[in-house]
Amino acid sequence: MRIPVRCSASIFVTALAVVLPLQAADVRIAAAKSVSLLQKGLQGFYAKQDCFSCHHAGLPAQVIQLARERGISVDEPAARAAITKSLSAAPNLGSIDQSLQANRIIDPASMESAALLAAHAAGMKPSLATALTVRLIAGQQRADGHWPTLDARPPEGESAISATAISVRAMRLYAPPELVKQIEAQVLLAREWLKRMTPHSTEEFAYRLAGLAWSGADIATCSAAARDLLALQRPGGGWGQLPYREPDAYATGQALVMLHEAGDIPVTDSNWKRGLGFLLATQASDGSWQVHSRQVSPASVSPPYFETGSPYGHDQFISGAATSWAAMALMLSFPGARTQPLGLPGLAPRDEQPWMRTAALGTVAELKARLDKGLDPNSATPGGSSVLMFAAADKDKVRLLLDRGADPNRRAHSGYTALMTASLHRASSDAIRMLLAAGAQAKLTGVQFNASPLIFATFAGDTAMMNLLLTAGADVNRPMLLGGTGPTSPLALALNLDEPESMRALLAAGANSGEKDRDGLGLMAYAAMANRIEPARVLLAAGVDVNGVDKFGFTPLLYAATIDYGDDRMVKLLLNAGARADAKGKNGETPLSQAKRLGFPHVQSALGTPVAAR
């Protein structure tokens, strides 16, 4: 679990103390209860679900390994089976084809990166599949150094700071030798971006510290970031998710873990121990901590909760994440010993051939040598992924393969082509131009989940690639089933990724700004729920109705009052654009009544009812 860093935070050590034996025993008992409950939730979640979950797989995988190092009992066969299942669908780290194609893509920076962190905690060995996943993550970095996320579920989702930090960590853990130099340059770019960022939530302060440590920032920079996070601690020892929210186990556990693991704060530090005391005082008898969801919209903007064996109903997913962070903090407070991780032998990819790695990660000269020795330029995996698909992001390899007779429209069994795999990687315009010139089709039918090159270029946030594909006839309104379930158009994807320039390019090509989902939610409602300020401005400029109503009777302003981001920018933007403050949903509530009931002070103030500071 220990994160290698170059930071030292010894300046924070105050009155050192040793935990008394009875106290240490109590902490161990409390941690054991949490570990048992989390494992039950992990198994319950994957009895009904298959895609990767940060709250029920990513964090619990790290808890389980730490528990094994601390001598706390774990049902290892059950844990191994559940974690293997979590990494076998979206993403599927056991499949070369799916790792290359990203068939069930949802949110690469967050999902694939978090999956690699879980895989590392569980002891998955590097493979071509993990190398391709790293290459996918690397291809999603923006020019300024950050990674976006389309998630809108605070606190665990929605932050580009968090997405950037875990992307850096995941790439460094699994970077294949062929990409180390490139990855390190990207890590440096991310580090400089993180240095410039001003966090606004405990989640962001914690992950900014972790991201700086994981990217190898200097001692002074890391120490300053640790000091900023420590300054958020409340008198009672805990941390709140936002300055005005009550302290809880999610923010407190996360802060303690990051301060110790990334900030080098010793567990004997008096402030750290006060945080531990807060967790012990607020733990429920079953080993859990309840944390209330900050997403209370009536719309289906997130997979609905289902019973996993974890407590708290609608709050069980975020409470599970909170319990994971808190359990890790408890276990860090007592000594342990390094031990071999679980290991995930069931995820070892099959059917790898030497040419696959050469095409994806090797040099042009190495690929040429294989072709000269008889490699068929139209060779493919058992799943149909061609040499050209592996090499598609590299213009020089594309040129070589096309010159040798590679078919630009050869399809994998999923219907994917080289143009699609090239479009997943930012700054691949030259390769895309070559493929199009060779006859590659930008408008495809019969593709798994209705995927398209344009939706992938939108994921990459590259308007040059998007415009090439649009000029070549790509359908600007074609939705993809993200993760195999949620139909999402390129315009909706660009909105949720907070990419206003991509939105403008799509709108200029005829994208439908008035599109609605099956519940009647328009794009402005989604912008409001995700707190995407600049995308909302783009929609307003396109003439989108600021008072559009869905089947719940909700307007964008009503949605803005159902989720707490700790600011009032969206509410003010909507009001200034003519949003009706007296709108009522079918539940009979107005934006103000919702904000009051839910305790969102910034929203209340923006709606004209100042809230006294605490």
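Mentor: Let's begin with a term: a disulfide is a pair of cysteine sulfur atoms within 2.5 Å. Before we apply it, remember that this is a predicted model, where local features need pLDDT of at least 70 and side-chain atom pairs count only at pLDDT 80 or more, while totals for chains, interfaces and linings use all residues. Residues are numbered from 1 along each chain as its sequence is written, and side-chain values use heavy atoms, with hydrogens and water left out.

Trainee: Okay, how many disulfides does the structure hold?

Mentor: The general idea is a covalent bond between the sulfur atoms of two cysteines. Here the count is zero.

Trainee: Why is there no bond for Cys51?

Mentor: Because the closest cysteine sulfur, in Cys54, sits 9.8 Å from that of Cys51, too far for a bond. Turn it around and Cys54 is in no disulfide either, with the sulfur of Cys51 as its nearest, 9.8 Å away.

Trainee: And Cys51, is that buried or exposed?

Mentor: Read it off the relative accessible area: under 20% is buried, over 50% is exposed, and in between is partly exposed, using a 1.4 Å probe and protein chains only. Cys51 has 17%, so it is buried. Cys54 has 30% relative accessibility and counts as partly exposed.

Trainee: Let's do helix packing. How do I describe a pair?

Mentor: Two packed helices are described by the angle between their axes and the distance between the axes. Helices (H or I, at least four residues) are DSSP runs numbered from the N terminus, as are strands (E, at least two). The axes are lines fitted to C-alpha atoms, over the stretch in contact for helices, with angles from 0 to 180 degrees between N-to-C directions.

Trainee: At what angle do α6 and α14 pack?

Mentor: Look at α6 (residues 128–138) and α14 (residues 354–361): the angle is about 15 degrees, and the axes are 11 Å apart. Angles under 35 degrees count as roughly parallel, over 145 as roughly antiparallel, 65 to 115 as roughly perpendicular and the rest as oblique. So α6 and α14 are roughly parallel. Their crossing is left-handed, meaning the near helix is turned anticlockwise from the far one by less than a right angle; clockwise would be right-handed.

Trainee: Which residues make the contact of α6 with α14?

Mentor: Contact means heavy atoms within 4.5 Å. From α6 you get Leu128, Ala131, Leu132 and Arg135, and from α14 Met356, Arg357, Ala360 and Leu361. By class that is six nonpolar, no polar and two charged residues. For the classes, Ala, Val, Leu, Ile, Met, Phe, Trp, Tyr, Cys and Pro are nonpolar, Asp, Glu, Lys and Arg are charged, and the others, Gly among them, are polar.

Trainee: What about α21 and α23, at what angle do they cross?

Mentor: Roughly 15 degrees, with the axes of α21 (residues 463–471) and α23 (residues 500–508) coming within 10 Å. That makes the two roughly parallel, and the crossing is right-handed. Thr463, Met466, Asn467 and Leu470 of α21 meet Glu501, Ser502, Ala505 and Leu506 of α23. Sorted by class, this contact has four nonpolar, three polar and one charged residues.

Trainee: Which residues of α19 are buried?

Mentor: In α19 (residues 429–437), they are Ser429, Ala431, Ile432, Met434, Leu435 and Leu436. These pack against α16 (387–391), α17 (395–403), α18 (418–423) and α21. After α19 comes Gly439, with a positive phi near 105 degrees.

Trainee: How should I read a positive phi, or a cis bond?

Mentor: Most residues other than glycine have a negative phi, and most peptide bonds are trans. Now take the loop between α6 and α7 (160–174), which holds Pro155. The Pro154 to Pro155 bond is cis, with omega near 5 degrees. Glu158 lies in the loop between α6 and α7 as well, with a positive phi of about 100 degrees although it is not a glycine, and it is buried at 14%.

Trainee: Where is Tyr312 found?

Mentor: In the loop between α12 (270–282) and α13 (316–332). Its phi is positive, near 90 degrees, and at 26% Tyr312 is partly exposed. For another cis bond, check Ala90 to Pro91, with omega near 0 degrees; Pro91 is in the loop between α3 (76–86) and α4 (96–101).
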